[in-house]
Amino acid sequence: MKLIILENYSQASEWAAKYIRNRIVQFGPGPGRFFTLGLPTGLPRDHPESYHSFMWNNFFKHIDISPENVHILDGNAPDLQAECDAFEQKIKAAGGIELFVGGIGPDGHIAFNEPGSSLVSRTRVKTLAMDTILANARFFDGDLSKVPTMALTVGVGTVMDAREVMILITGAHKAFALYKAIEDGVNHMWTVSAFQQHPNTVFVCDEDATLELKVKTVKYFKGLMMVHNKLVEPLYSMKEMGAERSQSKKPYSD
Amino acid sequence: MPSNKSVSDAPIVQFTNCRILRDHQLQREDLWVREGKILNPEKLFFDEKGSADVQLDCKDSIVAPGFIDVQINGGFGVDFSLATDDFKSGIDLVSQKILSHGVTSFCPTLVTSPPSVYHQVLPQISVRNGGAHGAGILGAHLEGPFISKEKKGAHPEHCLRTFEAGAFQDLLATYGSLDCVQIVTLAPEMRRSSEVIRELTKRGICVSLGHSVANLSQAEEAVQHGATFITHLFNAMLPFHHRDPGIVGLLTSDKIPAGRRVFYGMISDGIHTNPAALRIAHRAHPKGLVLVTDAIAGMGLAPGRHTLGQQVVEIDGLNTYIAGTKTLSGSVATMDTCVRHFQEATGCSVETALEAASLHPAQLLGIEHKKGTLNYDSDADFLMLNDSLYVQATYIAGEEVWRQDVSGM
């Protein structure tokens, strides 16, 4: 894995954004598809806390994406398992996920794959852990009874099939989860740890998220920042020459 | 990109690079319009998988709902209280000219007049949508003749009337028809006013208190019977007194029925009300303030003499008096001037100033579900303004109906 440590939330976000941009440009303008991952059930599409609203307000309305290329699991589908299966099919049809971007929960979950989720799971309906419900209560005016208890999510196995995985982790409350994810063993109680077995992972975090790591680990990866920064500088643009930009500028392999 | 709209094939316009007034705040959002209404882009994106056909760059303008003027007696030489042969072209002229002031809907107002005038003029006023031809007409505002002699202001005394004999029937006989009437101003201390107010309210007509010497309890009683507006607060009513606040006291009265709000018109031209008084009213009851122009025929014309119904008025700068007196009679301020002056005098936010001329009049008339806001599914009547609140362009039903000449004219 590559562990990229930036000073704070904005710097971490910016680094990640630049990396994603370069990767998109390298991937080429083909029929690029986006798949968005974890969706609570039971929320109407236009509820302000639905993933549709979240993705629209924070992402889609700021870019010129064509609506046909947006695939969000529909938590209100009549047959949820069929919806999940169809999602897996769509991923296959699009040629697989090139880059998966996600965060982790304080309990180390990736998407909604809560502690105890199978590390080879696929897209499915998942019950949510109490920690997650508590963490989401702030979107429902602190009223626990309003928070959905189940979610549609991509499985750990689904994400492992992606050609590259990028996890964003910021804040001290995620520090223990990061420690469990990268310094401890692969364990279904901390599902993010599954990516230790993925050939191509990038963890982007801020200083606060490293608080539970060994000093040795942090120093090692900070020492590699000069090399890692070559992944974001130069910043490519779609307008550049084809040959130049499709060169994969990977300074080393995982 | 090709849009696959399942609901309608009509073109979708996306106004970008603007700050829109929504939910009482200026937000950096795009404004989407289809078929004359404000469109919900999220619904378009997810449900219809549609996208914009045209994108217009607003160059960082403020985009606000169009202004609604509920008290305007005429302008540009046209007097709504004069029964002329070309009355219809007069109203068309005014409705077209006020587009440049940011007004997208208005209530042509008639001052106290003899019944013959009402019988001739009212049938010629029809509620109609706005467009390139001019601002929309919401209905007439009849200010008088059932008002107080002591507070007639510029209204002609010989035309004042009472309805003590036949109450509502008297009123109906005087006006002839109430078909296109949206607001009636009357003095609540008049005998049998309660019946009249109830009857008008039942017909969906907004009752306003004005030109009156009512005390606070008479005013409160009128509100209980259905009155919801005060015509040009402070003017043509008893001044505020700390033991009997009169109509002005309605702003902070505790006898307003639950769920109702009393609105009050303010002519913020800097003349009708001292800025300090404007601030007192605004601070006492900010949500009820409705900006009106009370503009008369001379608005938009050079200083000099003009008519206002049965009277002759004289214009000198922004002041308009009954010829030969110091009695104020209407104003020549334009709506956008009033908005700017209101904002300056009270130091309020741009959002508040804009809402006083759009949201509040719409709420007063009970039409805020389609006018006065930029909410989804509302009529797309809006303005582009610069930071100093000068109108740069006016749109009605999503079409541009007026644009500031770039040459600066």
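**Group meeting: a walk through chain B, with a look at chain A**

Good morning. I begin with the record: UniProt, in an unreviewed entry, places the feature "domain: Amidohydrolase-related" at residues 62-401 of chain B. Please keep in mind that what we have before us is a predicted model. Within that annotated span, 24% is helix and 22% is strand, and the end C-alpha atoms of residues 62-401 lie 17 Å apart.

Let me turn to chain B as a whole. Chain B contains 10 helices and 22 strands. Along the principal axes, its C-alpha atoms fill a box of roughly 70 × 45 × 40 Å. How does the radius of gyration of chain B relate to that of a compact globule? For 409 residues, such a globule would have a radius near 22 Å, and the 21 Å of chain B agrees with this. Of the 409 residues in chain B, 58% are buried. The accessible surface of chain B is about 16100 Å², and carbon and sulfur atoms account for 49% of that surface. As for contacts in chain B with a separation of 6 or more, 69% are between residues 24 or more positions apart.

Next, the domains. The assignment for chain B gives domain 1, made of 12-64 + 373-403, and domain 2, covering 66-365. Their C-alpha centres lie 30 Å apart. Across the boundary, 20 residues of domain 1 of chain B are in contact with 23 residues of domain 2 of chain B.

What lies inside? The largest nonpolar core has 90 residues, and B:Phe67, B:Leu186, B:Leu200, B:Leu250 and B:Leu354 have the most contacts inside it. Each of the two domains of chain B supplies at least three residues to this core. A second, separate core holds 34 residues, including A:Ile104, A:Val154, A:Ala181 and A:Phe221.

I would like to look more closely at B:Leu200. Leaving aside neighbours within four places in sequence, B:Leu200 is in contact with seven residues that I can name: B:Phe168, B:Leu171, B:Leu178, B:Val184, B:Leu186, B:Ile205 and B:Val207. One of these, B:Ile205, sits in the loop between helix H5 (193-202) and strand E13 (206-209) of chain B. Is B:Ile205 buried or exposed? Its relative accessibility is 4%, so B:Ile205 counts as buried. B:Ile205 and B:Val184 are 21 residues apart in sequence, with their C-alpha atoms 7.2 Å apart in space.

I come now to the annotated site. Which residues does UniProt list under "binding site"? The unreviewed entry names B:Glu143, B:His211 and B:His232. These residues are spread over 90 residues of sequence, yet they cluster in space, with a largest C-alpha distance of 10.9 Å. B:Glu143 belongs to strand E11 (residues 140-143) of chain B. At 2% relative accessibility, B:Glu143 counts as buried. Beyond its neighbours within four places in sequence, B:Glu143 has contacts that include B:His211 and B:His232, the other two listed residues. Among its further contacts are B:Gln71, B:Asn73, B:His155 and B:Asp294.

Finally, a brief view of chain A. Helix H6 (residues 175-182) of chain A is mostly covered, with six of its eight residues buried. Those buried residues are A:Ala175, A:Ala177, A:Leu178, A:Lys180, A:Ala181 and A:Ile182. They pack against strand E1 (2-6), strand E8 (164-169) and strand E9 (201-206) of chain A. A:Ala181 is also one of the residues in the second core. Thank you for your attention.

Methods: Residues numbered from 1 in each chain as written. Chains lettered and ligands numbered in written order. Predicted model: local features only at pLDDT ≥ 70, side-chain atom pairs only at ≥ 80, totals over all residues. Heavy atoms only, no water. Core = buried A, V, L, I, M, F, W, Y, C linked by side-chain atoms within 4.5 Å. Buried < 20%, exposed > 50% of the residue type's maximum accessible area, 1.4 Å probe, protein only. Domains from an automatic or database assignment. Contact = heavy atoms within 4.5 Å. Helix = DSSP H or I, 4+ residues; strand = E, 2+ residues; numbered from the N terminus. Rg over C-alpha atoms; globule rule 2.2 N^0.38 Å. Areas by Shrake-Rupley, 256 points an atom, 1.4 Å probe, with all protein chains shown as cover. UniProt positions renumbered as here; feature names shortened; annotations may be inferred.
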